[in-house]
Structures are given as structure tokens and as C-alpha cells.
Amino acid sequence: MLSRVAESIYWMSRQMERAENLARFLEVTLHLTLDQPDSLVDPWGPLVQITGDNEWFHDKYGTPNQQSVVNFLAFDTDYHSSMLTCLRAARENAKSVRETLSSEAFEQINQFYHFVCDSSASQITDPTAAFFDNVRDYSLLWSGILDSTMSHDQCWHFANVGRLLERADKTTRILDVKYFNLLPNVSDVGTAIDDLQWSALLLAISGFEAYRREHHLMNIEKVVSFFLFHQTFPRSARSCVAGAHWSLGEIEKCSSTELRGEAIQQIEALKHRLTESQVKEVLAGGMHQFIDLVQIELNQIGESLTYDYFNVARPS
Amino acid sequence: MVPSNSQSQSQSQNSDPVDASPNTTSGSTHAPQLAGYQCDGFFDEMVDQQTTARPDAELLVDLINRMPPGELLRRQNAIERSLYQMGITFTVYSDEAGTEKIMPFDVVPRTISAMLWQHIDAGLKQRIKALNMFLSDVYGDQNIINDGIIPRDIVESAPSFLPECMGLKPPRDVWCHITGTDLVRDNSGAVYVLEDNLRCPSGVSYVLQNRHVMKRNFPQVFSGSRVRPVNDYPSRLYSMLQAIAPAGVTNPTIAVLTPGVYNSAYYEHSYLAQQMGVELVEGRDLVVKNKHVYMLTTVGLQKVDVIYRRVDDTFIDPKTFRKDSCLGVAGLMDAYRAGNVSLANAPGTGVADDKVVYAYVPAMIKYYLGEEAILANVPTYICQRDEDRKFVLANLDKLVVKAAGESGGYGILIGPHASPEERAEFAEKIRLDPRNYIAQPTLQLSRVPTLANGILEGRHVDLRPYILCSGQDDIWVMPGGLTRVALKKGSLVVNSSQGGGSKDTWVTAEAGQEVAVDWQNE
């Protein structure tokens, strides 16, 4: 397939996944603010912190509050990674490769974009969980359409790699919300508030029910392990990385050269680490530090993709 | 075939009372939608002066007349909504927020009888054949010039004449593989050729999409009206492109070359590539090595054999033509000259659709084929001729003046509607650059009932059928084409860039001809 097309498909898929996860971030925080007493730590600051674009936010908005954070993450078209920016970019990418997508796939992105665009005005002042639920529905529909209306060929595998690398990154960031929220209040560990917060996080990755079925009660080790190392839950970091690894392997099979790409080697290493690490060690060594490392590695894999596939045939 | 299990037996077939057969007495008491319709003395494509349906439009007129008030408008809105949802839109550049619009669509189709179509079909085939012979000749021995049929300076001063193409021999002697010829009908119903578009004619995707949404909204009336299908266009386009592959290439790699996502026809480029299942490439996706064209893929270079290029002639190769073009591929013309890649349309075809050269097409038909033109040109005054210019300058208030080097409805003076100042301005332009101007009498274009503020009023239309040519005697004319409609009352300008819209075009099948089936049966 054309390098340009592969690159656009990969980014389209990442951007769609990112938009979905931003809705999940915001939704979980709306839930938290509804469930917890006012005196507790500020729930909105951490959302800004985990984006890594803290400075940008403070320059434009100052102190985070519900309205500014919702505007920033969901609708700010000046911000390079807001939900609306991502959807717009995904749609532009989709447009540029429309001929390789199924009609349903393009039409779904198009409708998704129009939905968020049309909702932005009403949601900035008065965000509702229903809106974010809708966004989630659109995203799930998108995933389903992608998987069931397109050939699982190279094109789909590039989309899958994009989706899963992004998802792995965001799952770790959702978990990180808890780091910023929880650690200042170690005394809360094991309390009802703590349970509520863990539950909300699990809800954000749609894993609450799956977790309950396995472990019944909230437990910090088990929850962290669920997020990072669960073997079969589709939004755990480990299964995302395993899935991306599989797709990269399929892409590599089409390659005419004997040399293995950088990206596949890096993802193998990451997959290995996520399979072998112990949750106790992670918590002892600092969950936030572990997560940071995973995010750095995910970024490196993304950069290697550009080198391995997107610029491969360009004559120097 | 055994039906699969279903959850419920209660789902009934979707039956639409409005689309019932014409013999059904619907018992409705409301006034017919076309009751107050006025032809205002214009030739109407659907009804005669007594607003009685023309022979092949009876079913449609009957359907419209039996619709409850507001029904047409409701369907129109539904169709517009679905076009918007399908993302068949263009961006309004002037708007910061990137507002998008669909091409205005009118729900009332334009009907063309089988008999009239036979005439148009024959006329277009004859015309394309002669135009191809002209192109081979004008870039070859130039007999038509040497024999004094068309003046040398008219050909050589055409901006679209490319000396770089002299001596080229495209496969099968075909230059214009894809043509969109604009036709109009005047007050008597006679068909005239308004212009040929031989470079990158656009709009065919709207024909296919208009048909698609019309089938979904007016299912039964389709089979009843015996409408000829248009949806085989992508397959025919693909076969044509396959047929013109370089010698020795049996299974060619075909690509559509687009200027990119910001081009106003980008949707069409991507749609055609998708429908044919071929790559859509931009200039930056291609390289030329050893006079062969390659695409940059994830696994290296892959050879391309046939390019349906939607990039203008002078932009396709910065090495040969415009040095500043970033849309093309350096060296493409070398590969083309070496016969390693086929281009549709061939570079240089534009000379045959120059507005002055157009005036000579009937003479070409006579010269190459020894036949009279089946479809007449609109009478045309060539301002470079002294006699013609004098007449034009004296009659600017009665004529339409067109700049030869412009398209898209720009550079036009519609004399009777223009102010004295505008006419004076054009007169000056004509005196300064007579080669660039032609003039034609203002035709009273035919009209078709069109929804305007919820009621039906006559609006002027033209028609652009698309013609595919894979060999001198292998020419196919799409039955129908893009009917463009001037949505503004009284306006004669149908271009979408000037506020025009489009309609589905229904050509009636003759006995034995294939009929478009309704969408549920596809």
C-alpha cells in the first residue's frame, strides 16, 4: 500500500481512539465530582497533568475547573489534542484515504465529527454524562465498523496498530489520574472514597464489570494489575501491546526485505516487560514512574513506524 | 435458498402508498402539485404548454400530482440530509470554521425520451470520433490545417495547444478517453452542443450519487419509468483504462492522480478510485525512474501502468511544463513518450475544447468523417474574424460573449442581462484581444420543474453526458448525465460555482435495453 495512505490510516485511527479516550477521561471525572464530597482533592487538575500539556493549559486558562478543563479537552480547537481537534484531523485523514475505507467507515467518522461539532456550544457550559456516553457509543460503533466492514489486510493492520498504541497509552494515563488524586491522601486508602475512585477508573476503561467478576472487591494491587497486565481484557496495556505486536507482525510479513523493522523489535521488548513484570514491584518502585516509562516506549514505537514504513520508499 | 432464521415474522415489507402504480386511484382530494405550474412560454422538458406530461414523463408527473402537499419537500430534505451525512460536500473556503455544503440537489428528475436519446447518443459518438481524429492530426501531420479547414494561427495560439505533444502517438490513437460534453435545448426543443470538456471533466460522481439517493427515495417509480442505469460507469471506466495499458502489459496497475484533498473535485477523484478499486495517488506518491512510473509504498517502489489523471496538462510534469508545479511528477512525460505509462486523457487534448476551435467541430466532422454533424453547435461568432467582430460589437445586448481561456462560468457576458457599463467593458476587452472571445446568440434554455420554496417552478437546465472512448470505434455514452439547473429564478447560469444545482437524469429505455432496478433488488 502507499506509504502516505499507511501513515494517514495509522493517524486517523490514533486520533479516533484519542477522541474516545478524552471522553472517557472527562466522563470519569464528572462521575467523581458527583460521587465525592466537595472537600476532597481537586478532580480537574490531574486531567490536565496527565495530558503532559500542563504549561499550555495554564497559559491559556489559569486554574483548572470544570468548565475550562471540559473546554480544553473536548472542544478547544487551538489545542492540538482536544477531542474536536482529533476528530477533525481524523476526518481529514479519512478524507485523504477515503478510497481505501469502507463507505460505512467514512460516513461514521463524518457523523461523529458533526455530532461533536454541533454539541460543543451546549456542552462547554453544561457538560452532561449523556453527551460523553454518546461519544463513547460513536467510538464503539466506529471500532465495530472498522473491524466488520474492512478486509483485515495491511491497511486494517495499520489502523489496528494506531488504535492499540493509542489505547495502551491512554489506559496508562487513566490509571495515572489516580496517582495524582490518591497519593496526597494516603489515609484514604481502603476507604469508601477510595473504592469509588477505583470503580470510576475501571468504568472509564469499561472494565468495572470484568474486574468485579474476577476479584469482587476493590484492591489496589488487583486494580493496577488489571489496568497494566490483564491478559485478555481488551483495554489493558498488555493486551493492547500484544494486539499491536500481532498487527505489526502481519505488516512485517508483507515486507520484501529480510531486515526486521525497529518498531517490531521495540514492541516485542515492551510486550515482554508487560508480561513479566510483577504488580508488587511496580507499586514498590512507583507506579507513576513505571507508567512514564511505558509511555516513552510507546512513543518510540510510533516514531520507528515512520522510519520503517512511512518514509521507506522515498528516494533520498 | 433456505431463508435464515429471523427473530420475528412481523416485519412487513415497506410499502409506500405514494409510489403505488399509476392506475391506483388514491382518492386524495388535494390539488395536484403541478396544477399551478407555468411554462411561461419556455420549452419544458417534463410537460407541454398545457402542462400535460410529455410521453416518457407520464408516470413521474402522475406521481408528483398524487403526492400530498409538502411530500416533495420532505423527500428533498431527506436526500439533502443523507448527502450531508455521506460527506458528499465541498468546503466553503471563505469561511474560517470550514463550513461545508452539499452541492444543491433538486428532487425532481429530468426525463429524456428514448427517441431523443438515440439522437444524442449518435451525435456524441460522431463528435468524439472526429475530435480524436483532429487531435491525432493536429499533433501529427496537420492535414486539416494544411488543407485550409482551420486556420493555423487559431490552433497554435490556443493556450491549451502543447507543442511538447507534437509527434506523440497515444495507444489506440485515442486522446480523449473521458469527455463531458455540455448540451442545451432551446425554445424549440432542439439539442445543441454548448461545449466539449476534454481535459478533466468533473461531475460524474454527482450523477452516480444523485441516482443512488433517488433510488432510495423513489423506489417503485424507477422500474415503472424504465430508467436506463448509470451505475456501471466505474466498471466501464476501469475497462477503458485497462484497454489503454502500454503494449505488453496484460494486468496493468491503474491509479487515479489527484491534485489532493484541497481540490474542489477531490471527492470525485476519491470516489472513482474507490469504486474502481484502484489507488488514488498524489504527485508526491509517484517517482519516475528509468522512464517508468512508480508509487512509493510501505514495501518499496511499485510500477504504475495507467494513470487516470485529474491534474491539468501543464501541471503533470514540472520537468516538461510548469516548473513551479508541485502537483505533478517530474519525468512523467518522458515515461509517457517512451510508452511505459498511459495517461487518460492524453496531454494536449485541451486544444480541441478551446472555445474558438469548438466553432470548427462541424467542419472537422465533415473533413474527417465526410458526414454532417448530427448535433448542431450553437451558432458562434469568432471575434478574431473581422466580420464577426463587427457584428458582435454592434449586438452586444443580444449576445452571450465568452472568454476562450476561461471555464466554470467565469469570463462570460450575458448581453441582455448586462448593464451598459459591463457591455462597454467587454467591448474593450474584445478589441484588445479578439482571439480570446467568441459570441453566441442567447438561447432560451429549456426548463424543468424544480422545487423553489416548496413549490414547483420552471428552472433552466443543461446536460453533461460523459463519454468513454477506448478506441476509434469503441465509444460509450452514459445514458443521461449531469443535469445542472440554475436555481435562481430566470438565471441561465448553471455552474455550481455560481449557485447552480443538479438533478437526476432519467433516460427511458427502449425495448430490449437494460433498465435500472430499484435499490432493494441490487
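Two strands count as paired if DSSP finds at least two bridges between them, and helices (H or I, at least four residues) and strands (E, at least two) are DSSP runs numbered from the N terminus. The structure is a predicted model, in which local features need pLDDT of at least 70 and side-chain atom pairs count only at pLDDT 80 or more, while totals for chains, interfaces and linings use all residues. Residues are numbered from 1 along each chain as its sequence is written, chains are lettered from A and ligands numbered from 1 in the order in which they are written, and side-chain values use heavy atoms, with hydrogens and water left out.

**Stop 1: a hairpin in chain B**

Select residues 466-471 and 474-477 of chain B, which are strands β20 and β21, joined by four bridges and running antiparallel. The two strands, β20(B) and β21(B), make a hairpin with two residues between them. To see one bridge in detail, pick C469(B), whose partner in β21(B) is I475(B).

**Stop 2: the antiparallel sheet**

Move next to the open sheet of three strands in chain B, ordered β8-β9-β10 with antiparallel pairing. Its edges are β8 (286-289) and β10 (300-304), each of which pairs on one side only, and the twist averages 40° from one strand to the next; here axes are lines fitted to C-alpha atoms, for helices over the stretch in contact, and angles run from 0 to 180 degrees between N-to-C directions. Strand β9 (residues 292-297) is joined to β10(B) by five bridges, and one pair to display is L296(B) with its partner L301(B) in β10(B).

**Stop 3: the parallel sheet and a helix across it**

Now select the four strands of chain B that form an open sheet in the order β7-β6-β11-β12, with parallel pairing. The edge strands, pairing on one side only, are β7 (279-281) and β12 (342-344), and the twist from one strand to the next averages 30°. Three bridges connect β6 (residues 254-257) with β7(B) in the parallel sense, and L257(B) has V281(B) as its bridge partner in β7(B). Adding residues 266-276 of chain B brings in helix α9, which lies across β6, β7 and β11 (306-309) and runs at about 150° to β7(B).

**Stop 4: the interface of chains A and B**

Show both chains and colour the residues in contact (heavy atoms within 4.5 Å): 31 come from chain A and 29 from chain B. The buried area, meaning the accessible area (1.4 Å probe) that two parts lose on being put together, summed over both, is about 2400 Å² between chain A and chain B, with carbon and sulfur atoms giving 48%. In chain A, the residues losing the most area to chain B are L2(A), R4(A) and E99(A), together 27% of what that side buries.

Keep R4(A) selected and add D285(B), since the two form a salt bridge with their closest N and O atoms 2.6 Å apart; the term requires a side-chain nitrogen of Lys or Arg within 4 Å of a carboxyl oxygen of Asp or Glu. The count of salt bridges between chain A and chain B is two. On the side of chain A that touches chain B, the elements giving two or more residues are α1 (3-35), α5 (83-96), α6 (103-125) and α8 (154-182), and α6(A) gives the most, with six residues.

**Stop 5: a salt bridge within chain A**

Finally, select E20(A) and R235(A), whose side chains meet in a salt bridge at 3.4 Å, N to O. This pair links distant parts of the chain, 215 residues apart, with E20(A) in helix α1 and R235(A) in the loop between α11 (220-229) and α12 (237-254) of chain A. Over all chains, the structure holds 54 salt bridges.
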